[in-house]
Amino acid sequence: MPVNNLAHDKSFPYVTPDVFETDSGVRFLQSPGVAVISVPDVCLEGVGQFLSGFPDDLGFSDYLLDPTVLSSSESLCKFAGQLCYLSFGPQRTYNENADKYFKNIKMSSHGSVLEHANISMLWWGISRTLTHELVRHRAGYGFSQVSQRYVGGKTIRFVERVEFQDNDLLHQWFLRRIERSYREYIELTEYLVSLQKEGESSLSAERKTDLRKKVRQASRALLPNETEAPILVTANVRAWRHFLNMRVSEHAEVEIRRVGYEAYRCLYSLTPLLFDDFEVVDLIDGTKGLKTEYPKV
Ligand SMILES: Cc1cc2nc3c(=O)[nH]c(=O)nc-3n(C[C@H](O)[C@H](O)[C@H](O)COP(=O)(O)OP(=O)(O)OC[C@H]3O[C@@H](n4cnc5c(N)ncnc54)[C@H](O)[C@@H]3O)c2cc1C
């Protein structure tokens, strides 16, 4: 499947959304941003030391001379799988047939070898609703999310749901709502700061950063689910596959499906052989979904 509309920088894909402003300058986004920022850095050179200790007639030392280059994730996961059976001799699957190798891994549910490759992405232009669903995924994921206790003020932005974007009334309501939310948030923050200065005990703290947290953790209570919640997501390839299967399905919520689809396009462009079994399907609401024969590897 060709990957269109992906800009590349140092070979890592990213997708950049526009940022809009209301009349009074409140910022909002209408689609997700995705930027891959880390993939495995693989060097098998040291493996040669291990392979050289076996009898020459096994031909293990040729393993590193395979002329076909794989992506770093593919190379790492293939080595992991071939280590299991010491498949380093001439009978092994060569890199030019790595597609068959990984098909077999997926078919036989030997997916633990895919856990070695971690890929990190920054996601933005996504709402707190989405990240609440996202962080339910546990096995094989790492998350770092902007703190609403620590960060606020001018950095607050909002995300307009796709259902509101093409309907004038819903769009106007959205604009009004986020202007009101932002204004009330600032008013509440300022009032809490004034109470804090007057010595209100529930807002007291010894350190300056704690003072700020005491105010923001209270004033964030009125921020809506449509507040933007940027998050760094790291997952291994097995976990990414599980995420795509669960969240880019027709049963998933449309916002998480949308960012999941962009994540899939990035993953596929980086390391196609680990994601080439996913088939893109057009869903009734105009969004894209994914299907695979191997939902659980
Ligand atoms: C369409 C949809 C609707 C949903 N609706 C709801 C809802 O109404 N309410 C709600 O609370 N949640 C809901 N969820 C969230 C869902 O229940 C999961 O919490 C979420 O999808 C994370 O997936 P996971 O449990 O597979 O976790 P992951 O961390 O992604 O786990 C991957 C796999 O590892 C294994 N695993 C992970 N942790 C454990 C464990 N502790 N013990 C044993 N095996 C484990 C399981 O095989 C699991 O599938 C929904 C999800 C979807 C996709």
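Author: A residue is near a molecule or strand if its C-beta atom, placed from the backbone, lies within 6 Å of it. This model is predicted, so local features need pLDDT of at least 70 and side-chain atom pairs count only at pLDDT 80 or more, while totals for chains, interfaces and linings use all residues. Residues are numbered from 1 along each chain as its sequence is written.

Reader: Which residues are around the ligand?
Author: Look for Arg136, His137, Arg138 and Ala139. The others around the ligand are His242, Met246, Arg247, His251 and Ala252.

Reader: How many residues of that shell are charged?
Author: Asp, Glu, Lys and Arg count as charged, Ala, Val, Leu, Ile, Met, Phe, Trp, Tyr, Cys and Pro as nonpolar, and the others, Gly among them, as polar. In the shell around the ligand, three are nonpolar, three polar, and the charged ones number three.

Reader: Are helices H8 and H9 parallel or oblique to each other?
Author: H8 covers residues 237-247 and H9 covers 254-270 (helices are DSSP runs, H or I, of at least four residues, numbered from the N terminus). Their axes, lines fitted to C-alpha atoms over the stretch in contact, come within 9 Å and cross at roughly 140°, on a scale from 0 to 180 degrees between N-to-C directions. Under 35 degrees is roughly parallel, over 145 roughly antiparallel, 65 to 115 roughly perpendicular and the rest oblique. H8 and H9 are therefore oblique.

Reader: Which residues of H9 do those in H8 meet?
Author: Residues are in contact if their C-beta atoms, placed from the backbone, lie within 7 Å. From H8 come Trp240, Phe243, Leu244 and Arg247. Across from them in H9 sit Ile256, Arg257, Gly260, Tyr264 and Leu267.

Reader: How many nonpolar residues does the contact of H8 with H9 have?
Author: Sorted by class, this contact has one polar and two charged residues. The nonpolar count is six.

Reader: At what angle do the axes of H6 and H7 cross?
Author: H6 spans residues 168-197 and H7 spans 208-219. Their axes come within 9 Å, and the crossing angle is roughly 140°.

Reader: Which residues of H7 make the contact with H6?
Author: H6 brings Tyr185, Leu188, Thr189, Leu192, Val193 and Gln196. H7 brings Leu211, Lys214, Val215, Ala218 and Ser219.

Reader: How many charged residues are in the contact of H6 with H7?
Author: By class, seven are nonpolar and three are polar. The charged count is one.

Note on methods: Helices (H or I, at least four residues) and strands (E, at least two) are DSSP runs, numbered from the N terminus. Two residues are in contact if their C-beta atoms, placed from the backbone, lie within 7 Å.
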